[in-house]
Amino acid sequence: MSAVFQEWLNIVIRWAHVLAAIMWVGDSFLFMWLDSHLTNPSRKREGDVVGELWMTHSGGFYEMVKRKTLAKDELPPTIHWFKWESYSTWISGFLLLIVVYYAGGRAMLVEATSTLSHAEAVGISLSCLVGAVAFYDLLCRTPIIKRNRIFGVVGLALIVTVAWGLLQIFSPRAVFLQVGAMLGTIMASNVFFRIIPSQRHMLSATSAGEPVDPSYGYRAKQRSVHNHYLTLPVLFTMLSNHFSTLYSHAQAWAVLGLVFIAGVGVKYFMNFRRRTHPIILVGTVLACSAVAALTLPSSSTTTTSAAGDRVAWGAVKLILETRCTGCHAKKPTNPGFAAPPVGLTFEDPRDVYAVKDRILVRAVQTKTMPLGNLTGMTEDERVLLGRWIAQGALIPGASP
Ligand code: HEC
């Protein structure tokens, strides 16, 4: 696939994916919000009423009544379903995974030193998506499904274990996304295999005039609650490749687990506000603080020090030319890039100087550049680059 064509696909699919996800998450948030704001009916209403709610939006008033069941003759001619938001999010997400990670070259998935071939890495990634759905479904058939908190703790332990395992195989940048893709697939499968079929069953029982088995509605609700609490953590994993400090941490699995705790905690607070259990609030704050503490650059591990001989620009230029400008050039020679990634070129010393702090983070501290260490940058080169930056990143023409 030509790099330009790939970039077009990337733009179109990513756009669609973000839009679909906004709609899916929006539905999930709205319906959770509706459920938590229902009040007892203010006047007599017919049927099996759970609660009612008034809203105002876009120049009008909306009256909403939630009913658990409908009688056969009450079925409206049109009933709105919310499923394509989820299906289109998954389909566009899967296509994006193919375009960016599977067709994007081996360096997107594994480090250059890995023994896995590109095809093997793609195979593992795909099997993990299927395996995640199967395993989650098994877990939902165990008695812990009835105990939300225990289910949450077991789920978190599994996610962290899977992340740890994947970190042994994939590059850390790919691991966070892979975990997110697995959870996103579980969420979409919940809608496809559980929630929508349950609703369909309830509807067909109603139109046949038969009593509706409430266990269907109950199970669908359980899955939709799981989906709901996964939204913030999964959104984090989808955005995580912007945050190299988090995914490249030596204990990235722990960082991921803590971010998940915080994400679920924040969602819980959004749902229950002042009724939130204090333990949830404390846990969320502790998890956020722990992530901050873990990812603080520690003086003992950092390889940046100004001490030693002054590093000349010539030495840095050589490193950049051998390790970076295959991608970071106006016309990249790496066939995977039609244009310099994120617009960064390192051919002019002033461009290098302008982003020296990010170079320090990516190529020296977190070692997340070069991508998958495709160009085989050595530890000595990283130390040298770090020293040059610590000494003030002198470039030709600048006074020391
Ligand atoms: C194989 C191609 C490739 C090579 C080689 C490469 N990069 Fe990158 N670089 C990328 C891609 C793709 C991105 C955008 C994705 C990302 O940020 O992970 C990027 C982004 C960056 C960013 C900006 C991201 C930020 O966090 O602000 C910096 C800085 C960077 N690279 C520095 C370097 C340095 C320094 C080298 C050489 C030591 C290098 N890169 C080698 C592909 C490459």
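Me: How many salt bridges does the rule count here, and what makes a pair one?
Reply: The count comes to 14. To get on that list, a pair needs a side-chain nitrogen of Lys or Arg within 4 Å of a carboxyl oxygen of Asp or Glu. Keep in mind that this is a predicted model, where local features need pLDDT of at least 70, side-chain atom pairs count only at pLDDT 80 or more, and totals for chains, interfaces and linings use all residues. Residues are numbered from 1 along each chain as its sequence is written, and side-chain values use heavy atoms, with hydrogens and water left out.

Me: Why is the pair of D35 and K66 called a salt bridge?
Reply: Their closest N and O atoms are 2.9 Å apart. The limit is 4 Å, so D35 and K66 qualify. In general, side chains of opposite charge can pair when their charged atoms come close.

Me: Which parts does that pair tie together?
Reply: D35 is in helix α1 and K66 is in strand β2 (residues 60–67), so the pair links parts that are 31 residues apart in sequence. Helices (H or I, at least four residues) and strands (E, at least two) are DSSP runs, numbered from the N terminus.

Me: What makes R358 a polar contact of the ligand?
Reply: An N or O atom in the side chain of R358 is 2.6 Å from an oxygen atom of the ligand. A polar contact is a pair of N or O atoms within 3.5 Å (within protein, one must be able to donate a hydrogen and the other to accept it, and residues adjacent in sequence count only if both atoms are side-chain atoms), so R358 passes. R173 has a polar side-chain atom 2.8 Å from a ligand oxygen, and for R362 the distance is 2.8 Å as well.

Me: Which residues of the shell are closest to the ligand?
Reply: C324, C327, H328, R358 and M369 are the closest of the 21 that surround the ligand; being near takes a heavy atom within 4 Å. Helix α12 (residues 356–365) gives the most to this shell, four residues.

Me: How do you know where domain 1 and domain 2 lie along the chain?
Reply: The bounds come from an automatic or database domain assignment. Domain 1 covers 3–72 + 81–295, and domain 2 covers 313–390. Their C-alpha centres lie 36 Å apart.

Me: How many residues of domain 1 are in contact with domain 2?
Reply: 12 residues of domain 1 are in contact with 13 of domain 2, where contact means heavy atoms within 4.5 Å. Between the two domains the count of salt bridges is zero, but two residue pairs are in polar contact (both at pLDDT 80 or more). On the domain 1 side, α7 gives the largest share, three residues.

Me: What makes the peptide bond from M369 to P370 stand out?
Reply: That bond is cis, with omega near -10 degrees. Most peptide bonds are trans, and most residues other than glycine have a negative phi. P370 is in the loop between α12 and α13 (379–390).

Me: What is the phi of N373?
Reply: N373 has phi near 40 degrees, a positive value in a residue other than glycine. N373 is also found in the loop between α12 and α13. A393, in the segment after α13, has a positive phi too, near 50 degrees.
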